[in-house]
Structures are given as structure tokens and as C-alpha cells.
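Welcome, and thank you for opening the viewer. Please load the structure below and keep your selection tool ready, and we will walk through it stop by stop.

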Amino acid sequence: MHALSRLSPEIRQYLLVTGNYWAFTLTDGALRMLVVLHFHGLGYSPLSIAALFLFYEIFGVVTNLVGGWLGARLGLNRTMNIGLGLQVAALLMLTVPAALLTVPWVMAAQALSGIAKDLNKMSAKSSIKLLVADGQQGTLYRWVALLTGSKNALKGVGFFLGGALLTTLGFAGAVLAMAGVLAVVWLASVCLLKQDLGKAKSKPKFRDLLSKSRAINLLSAARLFLFGARDVWFVVALPVYLSASFGWDFWQVGGFLAAWVIGYGIVQSLAPYLTGKRRGQVPDGRAAFVWATLLAGLPAAIALGLGSELPAQTVLIGGLLLFGALFAINSSLHSYLIVSYAKEDGVSLDVGFYYMSNALGRLLGTLLSGWVFQVWGLEACLWVSSLFVLLAALISIGLPRHAS
């Protein structure tokens with residue numbers, strides 16, 4: 001506590017935002033795994049499971065766009081607290097008796113959770129811009145990478161937590177326990193977060209929602225296809241495939257995906273050191289193109305391996321590990337570039353617009369993950385993934401580059 005008191009008020013506030021974000025991330029990852037595994041166990045088809053997340057992703061698109069505007073007008077403390085409160089409500093909705101857990105009801109709960117998640121993400125990512133001077137781009141890159149990587153590592157822990165809670169407490173008990181813990185975090189946040197964190201000096205108008213920056217528009221389009229490429233096989237197809245084809249139980253599926261996401265988060269945190277920071281360089285549009293190009297052929301290679309006589313588990317697990325490492329670097333590069341491109345005053349407007357595209361990519365990937373997997377299988381999902389990464393790479397060609 002003494003060390004914390006020596007920090008500047010701004011950094012203390014940022015640490016509170018980050019702590020809230022981490023707590024939320026644990027419940028978000030656990031809830032995702034709970035829903036997928038529980039409803040797969042009830043006999044829902046992959047497409048039906050994907051439909052459960054439809055409103056989660058749709059409302060994420062809207063929330064990022066409007067949430068950035070709200071954050072600039074009202075302050076990031078309010079958007080953060082609203083998000084935490086909505087997640088508690090979403091969890092409580094899922095504690096009803098099993099007979100009432102209909103598809104529309106679960107979709108409505110997921111809609112609240114999607115709004116909550118993106119309000120939290122936008123608030124946390126926007127805060128970083130306020131703490132780092134414009135000339136300290138290396139520091140900015142490192143801080144963004146640490147926040148993004150730690151968040152995803154905790155999301156991986158959440159995946160494991162979801163599988164473990166489902167096995168030990170059952171579905172209703174698991175979501176009730178998470179709602180109780182997050183409610184305590186929400187109450188602390190309401191009391192401790194500063195009122196004007198991230199509030200713009202001039203009140204942005206609603207027409208300012210859409211970005212006027214060519215760089216941000218291009219980066220947002222690349223982000224859409226990058227995250228669509230991940231979720232087209234990761235959200236529904238992969239957990240169901242691991243359970244149905246390899247005979248893995250809830251613990252094994254949740255544990256493996258947790259380990260994958262934790263490793264993914266660690267690589268994200270190390271991305272500045274893997275992409276040139278040790279040589280005094282920070283990434284630009286060329287780096288985004290190069291790293292996306294390196295990733296583009298990998299899902300197709302995994303698909304070819306699954307169609308060959310090679311052991312399917314070896315191909316899939318090995319491919320997943322390599323995909324996770326390369327995808328983590330791509331994601332970390334994008335996360336740095338958006339914070340770097342964003343205007344300092346009303347930063348949440350630009351960040352919100354960018355993460356709207358991120359949510360749109362997740363929505364597209366989630367829907368395709370259920371539909372393509374159900375009709376054509378995991379290999380087809382992987383081919384779509386390669387196509388999406390290739391599109392992200394081609395769009396990145398137009399991003400700004402450092403002067404030679």
C-alpha cells in the first residue's frame with residue numbers, strides 16, 4: 001500500500017481500471033467456456049451454440065462505437081462501472097432454473113455480457129494514451145503489450161476456471177459464484193474511480209463517432225479480418241471438435257484452451273521485444289503487413305495436415321501453438337498502432353471505433369464458426385481463416401510507414 005501511495009494519482013487510477021478489467025476478463029473467459037461446454041453437453045448443434053453468442057457480438061459492435069463517444073463525454077470511470085454492473089446482471093440472468101434457459105434468454109444474457117465486455121475493454125485501452133507522452137512511443141508500445149497480454153493470459157485462466165466450475169458446481173452454481181465476486185469488485189470501483197478520467201475537454205458530437213482518419217479506418221478493416229480469422233475456428237468449431245473427435249472431457253478442453261490463451265497472452269506481452277524494440281524500433285504499417293503475411297498460410301497448412309495421414313492431434317495441437325504465437329504478435333502490433341494513431345483528446349472515440357471493427361470481426365467469425373463447421377467441418381473453417389488473414393495483410397499495405 002505504501003508503494004501504491006507513492007504513485008501519481010493518474011497511475012493509481014489506471015491501476016484501478018486495469019484491476020477491474022482483469023477481474024472482468026476472468027468472468028468473461030469462464031462464461032464463454034461454460035456456455036459452449038454446457039450447451040454442447042445438452043445436445044445443441046454447433047450452429048445453435050454459435051447463435052447463443054450472436055447478440056454478444058452484435059451488441060459489442062454497437063457498444064464500441066457508442067461507448068467511445070460516452071467515454072469521451074462522461075468519463076471512463078462511468079463506462080467502466082456500467083460495464084461491471086451489466087456483467088453482474090448477465091451472470092444473474094443465467095442462474096434461473098434449467099427449464100427457463102431457453103435460447104432467447106441466453107442470447108439476451110449474452111447481449112448484456114457483450115455490452116459489458118466492450119465497455120471495459122474500451123475504458124482500459126483508452127486510459128493508456130493519457131499516461132504516456134507523445135514522444136515515448138516505445139513506452140507506449142510496451143504498456144499496451146503488457147495490458148493486452150496480461151488480459152489474454154487471464155482470459156485463458158478464465159477458460160480453465162469455466163471448465164473447472166462446470167464440473168464442480170454445475171452451470172447455475174458457477175455463474176452465481178462469479179456474479180458474487182464481481183459484484184464486490186463493482187462496488188469497490190464505484191467508490192474508488194475518479195470522476196473525470198478520460199473525459200474530453202470539448203464535448204464530442206454524435207456525428208464524431210465515425211473516424212475521419214485514413215490510417216485508423218485501414219487499421220480497423222485489417223483488425224476485422226484478423227479477428228474473424230481467429231474466431232472462425234476458435235469460438236465454436238475447436239472446442240466442439242476437441243470434445244467430439246478426440247473424446248476430451250470438460251477439464252481437458254477447458255484446460256487446453258486455457259493454456260493456449262495464457263501462452264498467447266505471454267507472447268503478446270513480449271511482442272515489443274520480438275518486433276524490434278531492442279533495436280530502438282517501434283512497428284509501423286510495414287510491420288503489420290509482414291507479420292500478417294507470415295500468419296496467412298498457417299491455417300491452410302493445418303487444414304492440409306488434418307486431411308493427410310498425419311496424426312490429427314499432433315497436427316492440430318502443433319498448429320495451434322504456432323498460430324497462437326504469430327497471432328499474438330499481430331494482435332499486439334495492432335493494439336499499439338491504434339493507441340498511437342488515436343488523438344489524445346477524446347481518445348476513446350478513435351479506440352471505440354477501432355474496437356467496433358474488432359467486434360464486427362468476432363461476430364462474423366463466430367457465425368461462420370458454427371455454420372461452416374456444421375456443414376463442412378473444421379478444415380473448411382481453417383481455409384476461411386487463411387483467406388481472412390490474407391485480406392488483413394493486403395489492407396495493411398496502405399498503413400503509414402516510418403520515413404526511411
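## First stop: a helix pair

Begin by selecting H8 and H13, which are roughly antiparallel to each other because the angle between them is over 145 degrees. Keep in mind as you look that this is a predicted model. H8 covers residues 214-234 and H13 covers residues 312-341; their axes are 11 Å apart and the packing angle is about 160°. Their crossing is left-handed.

Now show the side chains where the two helices meet. On the H8 side, look for residues including Ala 215, Leu 219, Leu 226, Phe 227 and Trp 233. Facing them from H13 are, among others, Leu 316, Phe 323, Phe 327, His 334 and Tyr 341. If you colour this contact by residue class, you will find 15 nonpolar, 4 polar and 2 charged residues.

## Second stop: another partner for H13

Keep H13 on screen and add H7, residues 137-192. The axes of H7 and H13 come within 9 Å and cross at roughly 130°. That angle makes H7 oblique to H13. Which hand does the crossing of H7 and H13 have? It is right-handed.

To see the contact itself, select Gln 137, Leu 140, Tyr 141, Val 144, Ala 145 and Thr 148 in H7. Then add Ser 332, Leu 333, Ser 335, Tyr 336, Val 339 and Ser 340 from H13. The residues of this contact divide into 7 nonpolar and 5 polar, with no charged ones. Ser 335 deserves a second click: this residue takes part in the contact with H7 and is also among the H13 residues that meet H8.

## Third stop: the salt bridges

How many salt bridges does a search of the whole structure find? There are 2.

For one of them, select Asp 118 and Arg 362, whose closest N and O atoms are 3.3 Å apart. Asp 118 sits in H6 (residues 103-129) and Arg 362 in H14 (residues 347-376), so this pair ties together parts that are 244 residues apart in sequence. Are these two residues buried or exposed? Both Asp 118 and Arg 362 are buried.

For the other, go to Arg 230 and Asp 231, where the closest N and O atoms are 2.7 Å apart. Arg 230 has 10% relative accessibility and therefore counts as buried. Asp 231 also counts as buried, because its relative accessibility is 3%. You have already been close to this spot on the tour, since Arg 230 is one of the H8 residues that meet H13.

## Fourth stop: Asn 20

Next, select Asn 20 in H2, which runs over residues 9-41. With a relative accessibility of 7%, Asn 20 counts as buried. What does Asn 20 touch, not counting residues up to four places away in sequence? Show Met 80, Leu 84, Asn 120, Val 185, Ser 189 and Leu 193 to see these contacts.

## Last stop: Cys 381

Finish in H15, residues 378-396, by selecting Cys 381. Its relative accessibility is 0%, so Cys 381 counts as buried. Leaving aside neighbours within four places in sequence, Cys 381 is in contact with Val 232, Trp 233, Ala 237, Ser 369, Val 372 and Phe 373. Try drawing a C-alpha to C-alpha line from Cys 381 to Ser 369: the two are 6.5 Å apart in space and 12 residues apart in sequence. Trp 233 may look familiar, as this residue was listed among those of H8 that meet H13.

Methods: Residues numbered from 1 in each chain as written. Predicted model: local features only at pLDDT ≥ 70, side-chain atom pairs only at ≥ 80, totals over all residues. Heavy atoms only, no water. Axes fitted to C-alpha atoms, helices over the stretch in contact; angles between N-to-C directions. Helix = DSSP H or I, 4+ residues; strand = E, 2+ residues; numbered from the N terminus. Parallel < 35°, antiparallel > 145°, perpendicular 65-115°, else oblique. Left-handed = near helix turned anticlockwise from the far one by under 90°. Contact = heavy atoms within 4.5 Å. Nonpolar A, V, L, I, M, F, W, Y, C, P; charged D, E, K, R; others polar. Buried < 20%, exposed > 50% of the residue type's maximum accessible area, 1.4 Å probe, protein only. Salt bridge = Lys/Arg side-chain N within 4 Å of Asp/Glu carboxyl O.
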